[in-house]
Structure formats: C-alpha cells, structure tokens
Amino acid sequence: MTYCHENEVVIVLGGEAGQGIQTLETIITRMLKTAGLHVFATKEYMSRVRGGSNSATIRAASGPVRAAVDRVDICVLLDRDAHPWLAKRITPTTLLIGDPATLGEIEGLLALPLAELALQAGDKILANGIAGGFVSGLLSLPPAPLETTLRELFADKGQEVLDQNLHAARLGWERGRTAAKDREPVWHGATNPDLSRRLFLTGTQAIGLGAIAGGCNFIASYPMSPGTGVLQFLAQHAERFGIVVEQAEDEIAAINMGLGSWYAGGRAMVSTSGGGFALMEEGLSLAGVIESPMVIHLAQRPGPGTGLPTRTEQGDLDLALYAGHGEFPRAILAPGTMEEAFRCAEQAFILADASQCPVFILTDQHLLDSGHDLAALPLPATPPEPHIVATEADYQRYAAAENGLSPRGIPGHGHGLVRVDSDEHDESGFITERAEVRIAMMNKRLKKLALLRDLPEFTPCWSGPKQPRRLIVGWGSTRATVEEALARVADPATACLYCAQVYPLPEAFKRHLLEAPRLIVIENNATGQFARLIQRETGRRADVSWLRYDGRPFSVEDVANRLRQEVKP
C-alpha cells in the first residue's frame with residue numbers, strides 16, 4: 001500500500017458519555033463516505049453510562065485508511081474534560097473547535113457556539129447536527145452528502161425531526177464555510193463519487209454478517225462487552241434470516257445450548273469475552289469429547305478480572321489455545337480487517353461443521369468497535385451444505401476413520417440412534433473404560449488436527465521485499481497498523497507477515513518464520529503470547545517483541561517509530 005499524508009484529514013471528537021458522540025461520529029463518518037472518501041473510524045470510551053471522557057477518531061482520505069493514528073487535525077471538544085484527556089495527541093497544528101460557554105478559555109480555540117445555535121435551530125439536542133454541519137463546511141464539502149446522510153439516519157423519526165436536523169446541519173455548515181474562508185485549508189484531498197457506493201462496516205457487523213453467510217441459525221450468549229454487539233446484531237436480523245436468539249442466564253448455559261443446537265442439526269455460536277468464556281471451558285471440553293462442532297466468538301479485553309472492560313487487548317490467545325481439560329483439536333482464527341472478519345466468521349461455521357471441532361473467532365475491542373469502507377462482500381450463492389448423514393439402523397457415531405472424521409448424524413434423520421456422552425465411549429457411543437478403546441478414541445480425535453492446518457481460505461499474507469533482513473509478524477487487529485507503518489517508513493529491508501489462522505499455524509507460515517534472519521513479533525499483550533506459540537510450534541524464538549498492554553491499540557506512528565529505531569544504523 002502507499003501512503004500520502006497530504007490527502008487525508010483526521011478528526012477527533014471528545015466529550016463525556018451521554019453527549020451523543022456516537023451519533024456525531026456516525027453522521028460525520030457516513031457524510032465523508034457519501035462525499036466520496038475512504039473512511040476509517042474508531043473509538044475509545046470509559047466504562048460508565050454517563051460522564052467520563054470518551055473520544056472517536058475519524059480518518060478520511062483519498063486513498064484507503066484502515067488503522068488508528070495519534071495525529072489530530074481537527075478536534076471537536078464537547079465538554080471541559082475533553083481537552084486535558086486528549087492533550088497528548090493535540091499539537092500546535094491541531095485545530096480546536098468548541099463552545100467557549102462550555103469550555104472556558106482555551107488558547108487557539110475556534111469558537112462554535114453550539115448551545116446557542118442549537119436553541120436557534122429549535123432544541124439543544126440538535127447540537128450534534130450543528131457540529132457535523134460545521135465540520136462539513138470547514139472541509140469545503142458541498143451540503144448534499146451531509147443532507148443525504150441525515151435523511152438516511154432520521155427518515156424513520158418523522159418529517160418534523162428530520163427537518164429540524166437538516167436545519168441545524170445547514171446552520172453549522174454555513175458557519176463552517178465562513179470559518180474555512182478565513183484560514184488555510186485543513187485538507188487538500190480529492191473526492192471520488194464511486195467511493196460513496198462502498199460499504200462501511202464495523203468489526204461487529206462484519207462478524208455478524210459472516211456468521212449469517214456461514215449458515216448460523218442459533219446464538220446463545222450472556223451479555224459481556226465487547227462481545228455483546230454480535231449478539232445484538234444477530235438479534236436485530238433474526239427474523240429475516242431465521243436465527244433463534246437466546247440471552248442465556250449465564251455463560252455455562254449458553255455454550256451448552258449451542259452444543260444442543262449442533263446435536264439437533266443447527267449451526268450455533270456463542271459470543272463472549274474472556275471472563276465469560278472462563279465459564280464455558282467445561283462446555284468446550286464437552287465439545288471435544290463428543291466431537292461436536294462449535295463456533296466461539298471470543299472478544300478480547302484487558303484482564304485479569306474485570307480489568308478494563310471497555311478497552312482493548314490481545315491477552316486471551318493462551319486462553320483460547322489451552323482452555324478445556326484434556327487434549328482435543330481446535331482452530332483459532334483472528335481477523336485483522338473487516339473483510340477478514342466476515343470471512344473468518346463464515347469459514348468458522350464451515351470449518352467447525354466439516355471437522356467436528358470447536359473453532360474460535362478471536363477478536364478484540366479495537367477491531368469490533370472500529371470500521372472502514374470496503375467493496376462488496378463475497379456473498380455465497382447458496383447456503384453452506386451441512387456435513388450430516390442419514391443414519392442407518394446400525395449407525396455408529398464414532399466409527400473408526402482414517403482421518404479421524406466419523407459420519408455425523410442427528411436425531412430423527414434416518415433410522416439409527418445418535419448416542420453422545422461426555423464419558424469416554426466406544427464407536428457406538430456407549431461408556432467404556434477399556435484401555436485399548438481409550439487409546440483408539442484419543443488417537444481418532446487428535447487426527448482431526450491435520451484437517452485444520454493448511455486451509456486454502458487462510459493463506460499467509462506477505463508485504464515487502466521477498467528476502468528481507470527483518471520480518472515483522474503480527475496477528476489480529478495489528479495487521480493494518482503494521483502494513484501502513486511499513487509503507488510510511490519504506491525500509492527496503494523489512495517485510496511483514498500475517499495470517500488470519502493463528503492455530504494451527506499453516507506450514508507456509510512456519511517456513512517464512514524459519515527463513516527470517518531477524519524476527520519481530522508485535523502484539524497487544526504484556527507477555528508475548530503469539531511469540532510463545534511460534535516458538536512452541538517452530539522452535540523459532542522472536543528476536544524482538546513489540547508489546548503494548550495499556551488498553552489502547554498500537555497507532556501507526558508508534559509502530560513506525562519502533563521500526564525507525566530498529567533500522568537506524
């Protein structure tokens with residue numbers, strides 16, 4: 001990818017919970033995409049319903065943007081605490097915008113009397129529409145993209161509410177145009193009308209759509225951020241796509257409901273976070289012994305304990321890798337873009353069904369709460385074909401198979417009985433303690449790991465020279481950040497490697513690791529969990545680990561600076 005600083009603008013919105021920052025973020029993001037720009041948006045927020053300091057960052061550019069940055073070109077301050085909260089990101093070139101009546105005296109503040117203009121428009125709650133209009137005018141964009149966005153957002157609120165918001169936005173836009181005439185342009189990019197037709201998806205939406213494409217027809221979960229969004233998304237679309245949605249009484253019930261669904265012929269998932277998944281471990285082990293498919297969306301946040309419940313971390317790779325008592329195969333997928341989030345969720349169902357194993361989709365708060373524009377998704381022409389057989393009268397659920405994969409039947413589909421049991425069992429599903437049967441069943445189950453290793457849907461992605469002196473390896477949400485940092489630094493001796501399948505590691509991925517003269521592993525945790533997995537699977541120790549574990553994602557500038565230090569003579 002190429003990177004051009006002049007062709008983008010970074011807008012940050014700061015305020016407290018309850019001020020409508022999310023609504024304002026939505027207005028500006030959609031408006032910029034409708035205007036014909038590539039857009040990336042992300043947010044950070046405190047764990048509270050009211051008060052605190054929250055912010056949203058929006059990048060808009062003529063070229064693709066998909067990663068978080070520290071840079072701030074325009075900062076809209078909605079409350080007095082926002083300025084000190086964002087102080088480390090604000091520079092002398094940042095344009096500060098806000099209402100002096102709220103903020104008091106701030107050096108260099110471009111005054112925008114939001115409260116006064118909102119009352120002029122008809123209601124104080126219209127302040128966000130005015131702020132969105134002001135940003136649009138300041139960027140010298142025409143009013144049409146903003147008005148189109150507002151019509152889409154408020155169409156179901158009635159004509160009076162829509163007209164009020166359009167009026168407020170126009171007031172703000174006129175103020176912004178006036179302000180733009182009195183200063184140097186804050187942005188020099190060009191718009192492309194074709195970009196307005198692109199999708200804009202958050203990670204949560206992409207996971208939900210991928211689950212639907214994979215044939216999901218049942219989800220049981222207990223709410224726990226940041227995984228709750230997937231449950232909510234599927235609930236919103238349940239009627240249209242025939243999905244049974246159950247908010248379970250706890251996570252233990254949720255995963256067992258999911259296993260019951262697969263046993264009966266459904267295609268189920270659970271969505272949770274680390275603390276919730278800790279309660280699911282016995283159910284995971286049950287899936288292992290009864291050889292049931294299961295899809296587990298594990299949305300990471302900082303622990304231990306409650307930790308930082310609304311922030312991000314990649315601290316649960318070990319949890320997904322080693323959870324559950326006993327030994328049994330599993331796959332772990334960790335998407336790094338919205339396209340990958342869709343594909344990982346879709347393929348998780350297909351892979352779980354085909355292998356009769358649990359499959360994890362490992363995300364984090366940063367990926368789920370961020371979004372970017374993308375082309376149309378590759379929707380399947382037909383629903384996935386289930387791997388279910390009609391049973392004969394002598395059906396054996398755990399019949400011996402060369403690849404470890406026994407035919408999977410379901411009750412009522414054929415003439416046989418489908419016996420499953422959490423105790424060790426023979427081929428027919430009857431409990432046994434015979435040593436030779438135990439060995440045969442363990443070997444049969446473990447053979448299925450080979451089916452999960454080299455999947456054509458998850459080939460390694462390489463960026464940079466073919467024979468680098470150093471190789472940066474990341475996983476999950478660090479992907480776009482590393483790729484953009486690499487493009488900024490443009491070091492001819494550095495490449496980066498990424499694969500959405502983090503376990504089991506594909507053989508091609510392993511070869512690249514073993515050939516790297518110098519290996520740098522980057523991850524959002526304190527102990528280098530992926531670096532340990534790489535060493536366990538390949539014997540290759542990371543030469544350097546770039547770690548961040550303060551609840552925030554890596555920024556492009558942070559990674560670029562680390563790389564510059566690395567390549568400095």
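In the predicted model, Glu291 counts as buried, because its relative accessibility of 1% falls under the 20% cut-off. The residue is placed in the loop between H13 and E11, just after the end of H13. Its phi is near 55°, a positive value in a residue other than glycine. Most residues other than glycine have a negative phi, and most peptide bonds are trans.

The helix that precedes Glu291, H13 (residues 281-290), has seven of its 10 residues buried and is therefore largely enclosed by the rest of the structure. The buried positions are Gly283, Leu284, Ser285, Ala287, Gly288, Val289 and Ile290. Their cover includes three helices, H11 (251-263), H12 (274-278) and H17 (435-447), together with strands E11 (294-300) and E13 (358-364).

Gln356 likewise has a positive phi near 55° and is not a glycine. This residue lies in the loop between H15 and E13. Gln356 is buried, with a relative accessible area of 4%. Within helix H15 (residues 338-355), Ala341 is buried at a relative accessible area of 0%. Apart from residues up to four places away in sequence, Ala341 touches Gly203, Ala206, Ile207 and Pro335. The C-alpha atom of Ala341 is separated by 23 Å from that of Ala487, a residue 146 positions away along the chain.

Helix H18 (residues 479-489) is mostly covered, with nine of its 11 residues buried. These are Arg479, Ala480, Thr481, Val482, Glu483, Glu484, Ala485, Leu486 and Val489. Ala490 follows H18 and has a positive phi, near 55°. In helix H19 (residues 507-515) is found Lys510, which is buried with a relative accessible area of 12%. Leaving aside neighbours within four places in sequence, the contacts of Lys510 are with Arg453, Leu505, Glu537 and Thr538.

Two cis peptide bonds that precede proline were also examined. The bond from Ser225 to Pro226 is cis, with omega near 5°, and Pro226 lies in the loop between strand E8 (218-221) and helix H9 (228-236). Gly303 and Pro304 are likewise joined by a cis peptide bond, for which omega is about 0°. Pro304 is located in the loop between E11 and helix H14 (317-322).

At the level of the whole chain, 21 helices and 20 strands are present. The radius of gyration is 26 Å, close to the 25 Å that the globule rule gives for 569 residues, so the chain is as compact as a globular protein of that length. The C-alpha trace spans about 85 × 65 × 40 Å along its principal axes. Of the 569 residues, 57% are buried. Among contacts with a separation of 6 or more, 74% are accounted for by residues 24 or more positions apart. The accessible surface comes to about 23700 Å², and carbon and sulfur atoms contribute 51% of this area. The chain carries 54 positive and 67 negative side chains, and the centres of the two sets lie 5 Å apart.

An unreviewed UniProt entry places the feature "domain: Pyruvate/ketoisovalerate oxidoreductase catalytic" at residues 17-173. Over this range the chain is 44% helix and 18% strand. The C-alpha atoms at the two ends of residues 17-173 are 25 Å apart.

Notes. Residues are numbered from 1 along each chain as its sequence is written. This is a predicted model: local features need pLDDT of at least 70, side-chain atom pairs count only at pLDDT 80 or more; totals for chains, interfaces and linings use all residues. Side-chain values use heavy atoms; hydrogens and water are left out. Buried means under 20% relative accessible area, exposed over 50%, partly exposed in between (1.4 Å probe, protein chains only). Helices (H or I, at least four residues) and strands (E, at least two) are DSSP runs, numbered from the N terminus. UniProt positions are given in the numbering used here, feature names are shortened, and annotations may be inferred rather than shown by experiment. The radius of gyration is taken over C-alpha atoms; the globule rule is 2.2 Å times the number of residues to the power 0.38. Contact means heavy atoms within 4.5 Å. Accessible areas come from the Shrake-Rupley method with a 1.4 Å probe; for residues, only the protein chains shown count as cover. Lys and Arg count as positive and Asp and Glu as negative; His and the chain ends are not counted. The place of a charge is taken as NZ of Lys, CZ of Arg, CG of Asp or CD of Glu.
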